[in-house]
Protein chains: 2
Amino acid sequence: MQLTAPLDMHLHLRDGEMLENIAKSSAHTFSGAIIMPNLVPPVSTKEEVVAYKERIMKAVGDETFTPYMTLFFKPSYDKSFLESVKDEITAIKLYPAGITTNSEGGVSGFDVEELRPALTAMAELNIPLCVHGETNGFVMDREAEFVSIYEKLATAFPKLKIIMEHITTKESVQALDKYENLYATITLHHLLITLDDVAGGMLQPHLFCKPIAKRPEDRSALLKVALEAHPKVMFGSDSAPHPRHAKEACGCAAGVFTAPIALQVLAELFEKENASLENLQAFVSDNAHRIYAVTPPKKTIILEKRSFKVPSDYNGVVPMYADEEIAYSIKEVQK
Amino acid sequence: MQLTAPLDMHLHLRDGEMLENIAKSSAHTFSGAIIMPNLVPPVSTKEEVVAYKERIMKAVGDETFTPYMTLFFKPSYDKSFLESVKDEITAIKLYPAGITTNSEGGVSGFDVEELRPALTAMAELNIPLCVHGETNGFVMDREAEFVSIYEKLATAFPKLKIIMEHITTKESVQALDKYENLYATITLHHLLITLDDVAGGMLQPHLFCKPIAKRPEDRSALLKVALEAHPKVMFGSDSAPHPRHAKEACGCAAGVFTAPIALQVLAELFEKENASLENLQAFVSDNAHRIYAVTPPKKTIILEKRSFKVPSDYNGVVPMYADEEIAYSIKEVQK
């Protein structure tokens, strides 16, 4: 089985030592990734984005992986700023204030008029807006409640490409087909787990993420559009490393680390669900090429059905399926 | 403020070193408690229940606390066995198989005919049946799904007193008023938290329990019947100690340890919600006296409104509100 130029359209590479430790995990099997800007402080100037990209390229050490850079959205971004930074970025990521790791400087309230200058300029410059779509409501309702904000933004800014990031609910899936300018990324783990896997037996901190995994009917809705390679849906791992001590602690941080095993587990899932390799190729690559109009480096990943024991950690970061067997292995990467 | 003969109608005292470490926490402020039988192996013979009671009394070292003993329900219990053990127990606890800590030997399926001999004998001998009411379904639905089993049992065995233990949902609250022979216990933590507190911010293992905390509207329904001291509702802490390492780990065990702070926090909650001291007295004592027809040792707990900093642990067990301030303190215990 082979996949051409896979893309991870939602990735946390962090910075400093963590970046050094985990960047190659993604670069090995992906041609590129949308890099989230929620560092401390968040990436919000041209200088910061350029410098962060350089640090990523240094950590990756491989020209066959392109980090598609993003800025941390601020309503104060104006057209001249956006024009000046346009060539350095692929998208801008909007976080509601305080909703997840390092999002304190995000947007509070979603007043269309306050957002109009920045979002209109983004639409004119064809810069997609990636959104972490959760309200501050009850944890199981946050994303479904946010759908009305997606609808408000999609209606007010019809020329703006809006990516609903890491969707986890049937409500978000339904919104996809209602608004031409709404797109979505879906993670690996939200195709596989529900809240049952996080808190139904023993509590599993390594499966704790934001948005939290939802109900079985939500997972079914996500699976359906992923397996059929719905043309507005892209793979985005939201792979989010934390050191082991930050996960296995009282007050565990949110994030599931899937980068090193994502393609292998997707291959297993698509096979198990009788979905075609064509659809897997579209879900992990072609849809993103088209939606983002990117041309990633050529890279071919050859997978084989051979059991692989997932390591207990990658440089101190515990991956999903740590110490478990998965059915597919990476046989070869052709660059 | 004073409370007379408080009772904790659902308590885990464990065994061995843990029993020694935590038994006094309950005995200090409660006149008695229904003691759960889910040891390894579960308490299921007369000899075991007598021996366990002796170990508890030794650990407590105080005649002003009565452990109301229970057996671990087995469908094979027959009338002659129940007659022989009747004087040693106050109730029998039914666990669905595998539903919580040490419940592997519980009931699978709820076939009325299979249960009829044991439950008919219990009704005749006036032994209440305490039930952990959860199915093996999706974690947020397990208790609501179990309501139909409560209804089936309540209908098939109208003379059997059935206690819905540690209820967490509005569906269970509604069932209370539909069947004369259904009663309920409610924990402290389910009056205070929802899933948001467990998994809405960082993951909080010390608030992880079974049944898991539910939605805001569920908590409201529980609060209503607790604050009004609904005559069929009793306080049962489900205080369930685990050593710190079992809670702050990958695969955290379920249980919240509230015994040492339960009365103080209930006093604060009832005051904050403008409920009367009379209702608090009924909720933590009088309702249980009447429902179970027990006469616990005389004990008066005098509480005062004075801030108390909850210790970070009690002999290695982390309590709810560890290191936080609560508004009420125990001033004096009169025996």
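## Covering a bent helix

Two residues are in contact if their C-beta atoms, placed from the backbone, lie within 7 Å. With that in mind, let us look at this predicted model, starting with helix H1 of chain B.

H1(B) covers residues 16-29 and bends by about 35° at B:Ile22. B:Ile22 is also one of the buried residues of this helix, along with B:Ala23, B:Ser25, B:Ser26, B:Ala27 and B:Thr29. Both strands and helices help to cover these buried residues. Among the strands of chain B that do so are E2 (7-11), E3 (32-35), E10 (300-304) and E13 (329-334). The helices include H2 (46-60) and H11 (262-272), also of chain B.

## Two helices that cross

H11(B) has a further partner to meet. Its axis and that of helix H12 (residues 277-292) of chain B come within 10 Å and cross at roughly 145°. The crossing of H11(B) past H12(B) is right-handed.

On the H11(B) side, the contact is made by B:Leu263, B:Leu266, B:Ala267 and B:Phe270. H12(B) brings B:Asn279, B:Leu280 and B:Val284. Sorted by class, the residues of this contact are 6 nonpolar and 1 polar, with no charged ones.

## Where the chains meet

Now for the two chains together. How many residues of chain A are in contact with chain B? There are 23, and they touch 23 residues of chain B.

On the chain A side, helix H8 (residues 195-199) gives the most, with 3 residues. By class, the side of chain A that touches chain B has 15 nonpolar, 5 polar and 3 charged residues.

Technical notes:
Residues numbered from 1 in each chain as written. Chains lettered and ligands numbered in written order. Predicted model: local features only at pLDDT ≥ 70, side-chain atom pairs only at ≥ 80, totals over all residues. Bend = angle between axes of the 7 residues up to and from the residue. Helix = DSSP H or I, 4+ residues; strand = E, 2+ residues; numbered from the N terminus. Buried ≥ 20, exposed ≤ 12 C-beta atoms within 10 Å, placed from the backbone. Axes fitted to C-alpha atoms, helices over the stretch in contact; angles between N-to-C directions. Left-handed = near helix turned anticlockwise from the far one by under 90°. Nonpolar A, V, L, I, M, F, W, Y, C, P; charged D, E, K, R; others polar.
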